[in-house]
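Let's take a walk through this fold, one piece at a time. Keep the viewer open as you read.

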Amino acid sequence: MNKEVVFAVDIGGSKLMCGLVDRDGNVLKTEKCALLKDITIQKLEELIVGMFESLTSDGNYSVVSVGVNIPGLADPQNGVWVYACFSGISNYKISESLGAKLHLPIYIENDVNACALAEKVWGSCQDCNHYLWVTVSNGVGGGLVLNGEVYSGAFQGAGEFGHVVVEENGPQCPCGHFGCMEAVAAGPAISKRYFALTRVELPAVEIAKLARDGDEIALEVLKKTGEYIGKGLGKVASILNLEKYVLGGGVMQSFDLMQESIVNAFKREAFSSPNQCAKICQTSLKYEAALLGAAAISFRHK
Ligand SMILES: [Zn+2]
């Protein structure tokens, strides 16, 4: 009998990655390609269908459903990609449209919420029902899980950790406000802070390497980033009193270098006594988190 798998689709801001994932969270096969900013719905569907055909062409797998990460606002109940700021795509009935082409049920979720779900299904939150997943990469996103389910809020906007203001009169965020988490802690913000101190322009990943090699300025820049993150998590804790805060995304590969500053800032900010036992940890899903997220959305419906 063929192995039962789901087809996981991660639509990112600049790349598309698809894969076959089994029930135990093993990513069996993947394919990826770059996505242009002006991608159309038609072209995107062609790419997804092409990868589906290529990944399943050997006939060894039986695909039971499809999970799709939406890089923006999603309406999972109705299968609608509502809006994404990086492309012109909006109000796209992706479940219906892609379902007609792949002849499979299509389940969707916002990409960060999907990562939060993967942490519950295969990661470090299997026994945890109240937590926040945070992605820190080129932007900052949050996925909130309450009572074991993604909580999306009254207007689908819950968990927007990237837009918690942590620096009065700080730099402007893409959302228009000033001093948001995203404007001070995402990769581009790390690069800017390093540049301000050294006049050297480097991507965040290179700054992290320097910090690991003992460069004091690079380490200072990362610690400041950790302070912002801890401060933001502390604000969340005072309202929601969560059990865990799970940090993922490229910037968080330097979690060990930032951990102390994150925890100290958290302790300064959070209402202390009820939040003493809260855990702040790095994701256990590594760089496959997003694809596992797409798979988790799909398995949630099985
Ligand atoms: Zn913002």
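## Two helices that cross

Helix α6 passes helix α7 in a left-handed crossing. This is a predicted model, so keep that in mind for everything below. The two helices cover residues 204-212 for α6 and residues 216-240 for α7, and they pack at an angle of about 115 degrees. Their axes are 7 Å apart.

Which residues make the contact? On the α6 side you'll find Ile-207, Ala-208, Leu-210 and Ala-211. From α7 come Ala-218, Leu-219, Val-221 and Leu-222. Sort the residues of this α6 and α7 contact by character and you get eight nonpolar, no polar and no charged.

## The domains

Now for the wider layout. The domain assignment splits the protein chain into domain 1, made of 3-111 + 288-300, and domain 2, which is 124-284. Taken over C-alpha atoms, the centres of domain 1 and domain 2 are 27 Å from each other.

## The five-stranded sheet

Five strands make an open sheet here, and reading across you get β3-β2-β1-β4-β8, with mixed pairing. Which strands stand at the edges? They are β3 (27-34) and β8 (106-110). Each has a single partner strand, so one side of each is left without a neighbour in the sheet. On average, neighbouring strands of this sheet are turned by 20 degrees against each other, ignoring direction.

Zoom in on β2 (residues 15-22) and β3: they run antiparallel and are joined by seven bridges. As a landmark in that pairing, look for Val-21, which stands opposite Val-27 in β3. Helix α1 (residues 41-56) packs on the sheet, where it touches β1 (3-11), β2, β3 and β4 (61-70). The direction of α1 makes about 35 degrees with that of β2. Helix α3 (residues 111-121) packs on the sheet too, touching β1, β4 and β8, and its direction makes about 100 degrees with that of β8.

## The three-stranded sheet

There's also an open sheet of three strands, in the order β5-β6-β7, with antiparallel pairing. The edge strands β5 (73-75) and β7 (90-92) each pair on one side only. From one strand to the next, the twist averages 20 degrees.

How many bridges join β5 to β6? Three, with β6 spanning residues 80-83. Ala-74 stands opposite Trp-81 in β6, and Leu-73 has Tyr-83 as its bridge partner in that strand. The hairpin of β5 and β6 has four residues between the strands, and in this hairpin Gly-79 takes a positive phi near 65 degrees. Over on the β7 side, two bridges join β6 to β7, again running antiparallel. Tyr-83 turns up here as well, standing opposite Ser-90 in β7.

## Strand β12 and its partners

Is β12 largely enclosed or left open by the rest of the structure? Four of the five residues of this strand (residues 244-248) are buried, so β12 is largely enclosed by the rest of the structure.

The strand pairs with β9 (residues 131-136) in the parallel sense, over five bridges. It is joined to β13 (residues 279-282) by four bridges, and that pair also runs parallel. Val-246 is a handy place to centre your view: Trp-133 stands opposite Val-246 in β12, while the bridge partner of Val-246 in β13 is Cys-281.

## A closer look at Leu-104

Where does Leu-104 lie? You'll find Leu-104 in the loop between α2 (94-102) and β8. Is this residue buried or partly exposed? Leu-104 has 16 other C-beta atoms within 10 Å; buried would take 20 or more and exposed 12 or fewer, so Leu-104 counts as partly exposed.

Leaving out residues up to four places away in sequence, Leu-104 touches Val-63, Ser-65, Val-66 and Gly-99. For a sense of scale, try a distance to Gly-250: Leu-104 and Gly-250 are 32 Å apart in space, C-alpha to C-alpha, and 146 residues apart in sequence.

Terms used
Residues numbered from 1 in each chain as written. Predicted model: local features only at pLDDT ≥ 70, side-chain atom pairs only at ≥ 80, totals over all residues. Domains from an automatic or database assignment. Pairing = 2+ DSSP bridges. Axes fitted to C-alpha atoms, helices over the stretch in contact; angles between N-to-C directions. Contact = placed C-beta atoms within 7 Å. Left-handed = near helix turned anticlockwise from the far one by under 90°. Nonpolar A, V, L, I, M, F, W, Y, C, P; charged D, E, K, R; others polar.
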